[in-house]
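Trainee: I would be grateful for some guidance in reading a protein model.

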Amino acid sequence: DAQTPEPVANTALKVFNKTTGAEIKDGDVVTFNSISIQGSANMLKFYFKNTSAAPINTKVKFISFNGVPDTSYLSICIGAQCLSSIITGFSYPLSSEPIITIPANGIVGDIEGYKIFNTTTPVSPATKIDYVFEAYQYDANGTPVGNKVRFTYRYQQ
């Protein structure tokens, strides 16, 4: 469960819950109690904000999960691209996909469909499902820089 390498001191990257408008801070747990694929009661809709005077690139790394045997009921959507085969340790979008660049003092994801959702219940004896993600900045070489925002999407009945 190692985090990405310690970055330079820069706190330009912010992540927000699009539904509530609240900032998702490092260590936050966002809890849902629905698995319905109708509507959006089980979706963490989010967007990125850049508070710096220069553009930044960002990705979302899938860190870990518990409460289910695999991630087959988890999806992450980055814009029009929805992925349902999420692999621990991988960052999204993948290297072969378009880069998420947040303009200086700008926002990305407030219009596009950036969301995470789960469509299953925990496997006994578990009583909840946790999916841990980490949003981070990276430079032109793909090296993490700046701050990270690690958060948990939780399904709990």
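The following exchange treats the chain as a whole and then a part of its surface.

Mentor: This is a predicted model, in which local features need pLDDT of at least 70 and side-chain atom pairs count only at pLDDT 80 or more, while totals for chains, interfaces and linings use all residues. Residues are numbered from 1 along each chain as its sequence is written, and side-chain values use heavy atoms, with hydrogens and water left out.

Trainee: How many helices and strands does the protein chain have?

Mentor: Helices (H or I, at least four residues) and strands (E, at least two) are DSSP runs, numbered from the N terminus. Along the sequence, the pattern consists of β elements. The count for the protein chain is zero helices and 13 strands.

Trainee: What percentage of the 157 residues counts as buried?

Mentor: Buried means under 20% relative accessible area, exposed over 50%, and partly exposed in between, with a 1.4 Å probe and protein chains only. By this criterion, the buried part of the 157 residues is 46%.

Trainee: What share of the contacts with a separation of 6 or more comes from residues 24 or more positions apart?

Mentor: A contact means heavy atoms within 4.5 Å. Among contacts in the protein chain with a separation of 6 or more, the share from residues 24 or more positions apart is 75%.

Trainee: Where does Ile87 lie, and is this residue buried, partly exposed or exposed?

Mentor: Ile87 belongs to the loop between strand 7 (81-83) and strand 8 (91-92). Its relative accessible area is 41%. Because that value falls between the two cut-offs, Ile87 is partly exposed.
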